[in-house]
Amino acid sequence: MTGGAAGIGRATVEHLLSLGAHVLITDRDAGALDRLRAELGKRAGPRVATAVMDVTDTPSVRAATMRCVLAFGGLDLLVSNAGTARQGLVHSEAGVAALEASLDITLMGHERA
């Protein structure tokens with residue numbers, strides 16, 4: 001699960017765990033992952049694992065994939081959820097940079113994951 005530490009990603013993780021799935025939760029926010037792992041680990045135990053991953057960074061995607069393989073023996077399903085919704089004016093250098101960062105995560109991140 002990419003972008004799994006909050007919002008839609010977290011809700012999807014909780015649903016998958018309720019169905020008995022083993023889930024690797026990934027996110028850029030290591031602190032949020034640690035808190036979520038501690039909380040969900042009480043209910044799901046070894047069926048939940050985490051990995052810090054940034055979908056804009058191919059080596060971190062590969063490392064998270066390997067973490068999944070080592071933790072659970074393979075990968076059966078990928079929920080590519082990571083994304084952002086940048087707001088603001090685009091007709092400035094900062095606005096263009098924000099748009100490009102958003103596209104890298106929301107569009108290209110699905111390709112990398």
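Which helix holds both Glu14 and Arg10, and how many residues apart are they? Both residues lie in helix α1, which covers residues 7-18, and they are 4 residues apart, about one turn of the helix. Please keep in mind as you browse these views that the model is predicted.

**Figure 1. Overview of the protein chain, with 4 helices and 2 strands.**
Reading from the N terminus, you will meet the elements in the order α-β-α-β-α-α. The C-alpha trace spans about 50 × 25 × 20 Å along its principal axes. The chain has 113 residues, and 30% of them count as buried. Among contacts with a separation of 6 or more, 56% come from residues 24 or more positions apart. The accessible surface comes to about 6,800 Å², and carbon and sulfur atoms own 57% of that area.

**Figure 2. Glu14 and Arg10 pair up within helix α1.**
Here is the pair from the opening question. As background, side chains of opposite charge can pair when their charged atoms come close. The side chains of Glu14 and Arg10 form a salt bridge, with 2.8 Å from N to O. Glu14 is partly exposed, at a relative accessible area of 29%. Arg10 is also partly exposed, with a value of 24%. In the whole structure there are 3 salt bridges, and the next two views turn to the others.

**Figure 3. Arg10 also reaches Glu39 through a salt bridge.**
The N to O distance between the side chains of Glu39 and Arg10 is 2.6 Å. Glu39 sits in helix α2 (residues 30-44) while Arg10 sits in helix α1, so this pair ties together parts that are 29 residues apart in sequence. Is Glu39 buried or partly exposed? Glu39 is partly exposed, and its relative accessible area is 35%.

**Figure 4. Glu39 and Arg43 form a salt bridge in helix α2.**
The closest N and O atoms of Glu39 and Arg43 are 3.7 Å apart. These two residues are separated by about one helical turn, because they are 4 residues apart in helix α2. Arg43 is exposed, with a relative accessible area of 57%. Through shared partners, the salt bridges join Arg10, Glu14, Glu39 and Arg43 into one network.

**Figure 5. Asp27 is buried and has no salt bridge.**
Asp27 belongs to strand β1, residues 23-27. Which side chain of opposite charge is nearest to Asp27? That side chain is Arg28, at 5.8 Å. A salt bridge needs the nitrogen and the carboxyl oxygen within 4 Å, so the two side chains do not count as a pair. What does lie beside the Asp27 side chain is the backbone nitrogen of Ala5, 3.2 Å from one of its polar atoms. Setting aside residues up to four places away in sequence, Asp27 touches Gly3, Gly4, Ala5, Leu33, Ala51, Val52 and Met53.

**Figure 6. Arg86 makes contact with residues that include Ser102.**
Arg86 is in the loop between α3 (58-72) and α4. With a relative accessible area of 45%, Arg86 is partly exposed. Which residues does Arg86 contact beyond its neighbours within four places in sequence? They are Ala98, Ala101, Ser102 and Ile105. For Ala98, the C-alpha to C-alpha distance to Arg86 is 6.6 Å, although the two are 12 residues apart in sequence.

**Figure 7. Ser102 is a buried residue of helix α4.**
The relative accessible area of Ser102 is 9%. Because buried means under 20% relative accessible area, Ser102 falls in that class. Apart from its neighbours within four places in sequence, Ser102 is in contact with Thr84, Arg86 and Leu107. Arg86, from the previous view, is therefore met again here, in the loop between α3 and α4.

**Figure 8. A nonpolar patch lies on the surface and includes Leu103.**
The patch is formed by Val90, Val96, Leu99, Leu103, Leu107 and Met108. Together these residues have about 500 Å² of accessible area. Leu103 is one of the members, and its place is in helix α4, residues 93-112. Is Leu103 buried or partly exposed? Leu103 is partly exposed, with a relative accessible area of 45%.

Key
Residues are numbered from 1 along each chain as its sequence is written. This is a predicted model: local features need pLDDT of at least 70, side-chain atom pairs count only at pLDDT 80 or more; totals for chains, interfaces and linings use all residues. Side-chain values use heavy atoms; hydrogens and water are left out. Buried means under 20% relative accessible area, exposed over 50%, partly exposed in between (1.4 Å probe, protein chains only). Lys and Arg count as positive and Asp and Glu as negative; His and the chain ends are not counted. A polar contact is a pair of N or O atoms within 3.5 Å; within protein, one must be able to donate a hydrogen and the other to accept it, and residues adjacent in sequence count only if both atoms are side-chain atoms. Contact means heavy atoms within 4.5 Å. Patches are made of residues with over 30% relative accessible area and no salt bridge: like charges are joined within 9 Å, nonpolar side chains (Val, Leu, Ile, Met, Phe, Trp, Tyr) within 5 Å. Accessible areas come from the Shrake-Rupley method with a 1.4 Å probe; for residues, only the protein chains shown count as cover.
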